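Here is a set of exercises to work through at your own pace, with the structure open beside you. Try each task before reading its solution.

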Amino acid sequence: MFNEKIRDEADGDDVSGMDNDCKQWALVLWNYLRLGQPLVKSDVIIGLGCHDVRVAERAATLYLENWAPWILFTGYLGNHTVGVWHQPEADIFAETAIKLGVPADKIILEKKATNTGENIRFAYQTLKDNNIPAKKIILVQQPFMERRVYATYLRQWPDDKENVQAVVTSPMMELDEYPNSQVGNMDNLIGYMLAVLERIRDYPKKGFQVEQEIFPEVYDAQWKLLQAGYQPK
């Protein structure tokens, strides 16, 4: 494996020593997992909890740019925050947004969800309980989660989706810009992407999300990264 060529996880942001082939295969996954959907003026911005506060920063920026009059942050503790964070993801995201200038009374919190499906379903119910319209929504997560979030929304949003317009966005960054001391290094990112790709492949059979076409070049990049020793995280 190429771990020895990558900077220690504690630093986490140097990918200059990574094998070029592995970096190209990682880029194939990164480009597939992102959707790049155009934004639309919406009723609410829904920030899905995770271990990356840049998601909260992106949601705050969208609010401050007047893309929607409300933010809902959803999340208790998930795979990458349980045992690490000592507050619900939604609380930490709200604190981040408030520091950036979002009024506290424009933020709604949902603090029970522990996975993406619950984020979607519980956010819907929280909006309904607070009488917040949700005919147009912006979903915010990490870049490599865009496709999975959208596929989960299409399966698990309880309302009639024909009358709801949803778009997914994420912090504006390229592959090399993702790693940092909080989320880990490029090795970690590849593990995250491999795990997300597995779920995109397997979860439709379990009823968790809609089917997404996985292109041959994506499967090829996945196989080569696994052969190089990378493992889903």
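The exercises below concern a predicted model, and each is followed by a worked solution.

**Exercise 1. Work out which strands pair with E2, and in what sense.**

Solution. Begin with strand E1, residues 44–48, which pairs with E2 in the parallel sense over four bridges. Within this pairing, Gly47 stands opposite Phe73 of E2. To get from E1 to E2 the chain passes through helix H2, residues 54–64, and this β-α-β crossover is right-handed.

Next, take strand E3, residues 107–110, which runs parallel to E2 and is joined to it by four bridges. Phe73 serves again as a handy marker here, with Leu109 as its bridge partner in E3. E2, helix H3 (residues 89–99) and E3 form a right-handed β-α-β unit.

**Exercise 2. Sort the residues of E2 by the way they point, and say whether they are buried or exposed.**

Solution. Start from the general rule: side chains in a regular strand alternate between the two faces of the sheet. Now apply it to E2, residues 71–74: Ile71 and Phe73 point one way, while Leu72 and Thr74 point the other way. Finally, check the burial: all of these residues are buried.

**Exercise 3. Place E4 among its neighbouring strands, and explain why E4 is described as largely enclosed.**

Solution. Look first at E1, which runs parallel to E4 and is joined to it by four bridges. A good pair to find on screen is Val44 opposite Ile137 of E4.

Then turn to strand E5, residues 165–169, which pairs with E4 in the parallel sense over five bridges. Here Ile138 stands opposite Val167 of E5. E4, helix H5 (residues 146–156) and E5 make up a right-handed β-α-β unit.

For the last step, count burial along E4, residues 136–140: four of its five residues are buried, so the strand is largely enclosed by the rest of the structure.

**Exercise 4. Decide whether Leu127 is buried or exposed, and list what Leu127 touches beyond its sequence neighbours.**

Solution. Locate Leu127 in helix H4. The relative accessibility of Leu127 is 1%, so this residue counts as buried, the cut-off being under 20%. Now set aside neighbours within four places in sequence: Leu127 is in contact with Val44, Ile46, Leu72, Ile108, Ile132, Ala134 and Trp157. Val44 was met above as the residue opposite Ile137, and Leu72 as one of the buried residues of E2.

**Exercise 5. Do the same for Asp52: where does Asp52 lie, and which residues does Asp52 touch?**

Solution. Asp52 is found in the loop between E1 and H2. Because its relative accessibility is 0%, Asp52 counts as buried. Leaving out residues up to four places away in sequence, Asp52 touches Trp85, Phe93, Gln142, Tyr178, Gln182 and Val183.

**Exercise 6. Inspect the backbone at Asn66 and Asn131: what is phi at Asn66, and what is phi at Asn131?**

Solution. Take Asn66 to begin with: phi is positive, at about 70°, although Asn66 is not a glycine. Asn66 sits in the loop between H2 and E2. With a relative accessible area of 53%, Asn66 is exposed, as the cut-off for that class is over 50%.

Now move to Asn131, a residue other than glycine with a positive phi near 55°. Asn131 lies in the loop between H4 and E4. At 69% relative accessibility, Asn131 counts as exposed.

**Exercise 7. Describe the largest pocket and the second largest pocket by volume and lining.**

Solution. The largest pocket has a volume of about 440 Å³. Its lining comprises 25 residues, with Asn79, His80, Thr116, Met145 and Arg148 lying nearest the centre. Sorted by type, the lining residues are eight nonpolar, 13 polar and four charged. Helix H4 (116–129) and helix H6 (186–206) each supply at least two of them, and H6 gives the largest share, five residues.

The second largest pocket has a volume of about 180 Å³. It is lined by 13 residues, and Arg34, Gly36, Glu146, Ser170 and Met172 lie nearest its centre. This lining divides into five nonpolar, four polar and four charged residues.

Note on methods. Residues numbered from 1 in each chain as written. Predicted model: local features only at pLDDT ≥ 70, side-chain atom pairs only at ≥ 80, totals over all residues. Heavy atoms only, no water. Buried < 20%, exposed > 50% of the residue type's maximum accessible area, 1.4 Å probe, protein only. Helix = DSSP H or I, 4+ residues; strand = E, 2+ residues; numbered from the N terminus. Pairing = 2+ DSSP bridges. Right-handed = clockwise from strand over helix to strand, strands pointing away. 1 Å grid on protein atoms, 1.4 Å probe; cavity = no way out; pocket = protein on both sides within 12 Å on 5 of 7 lines; lining within 4 Å. Points joined across faces, edges and corners; volume = space filled by probe spheres on them. Nonpolar A, V, L, I, M, F, W, Y, C, P; charged D, E, K, R; others polar. Contact = heavy atoms within 4.5 Å.
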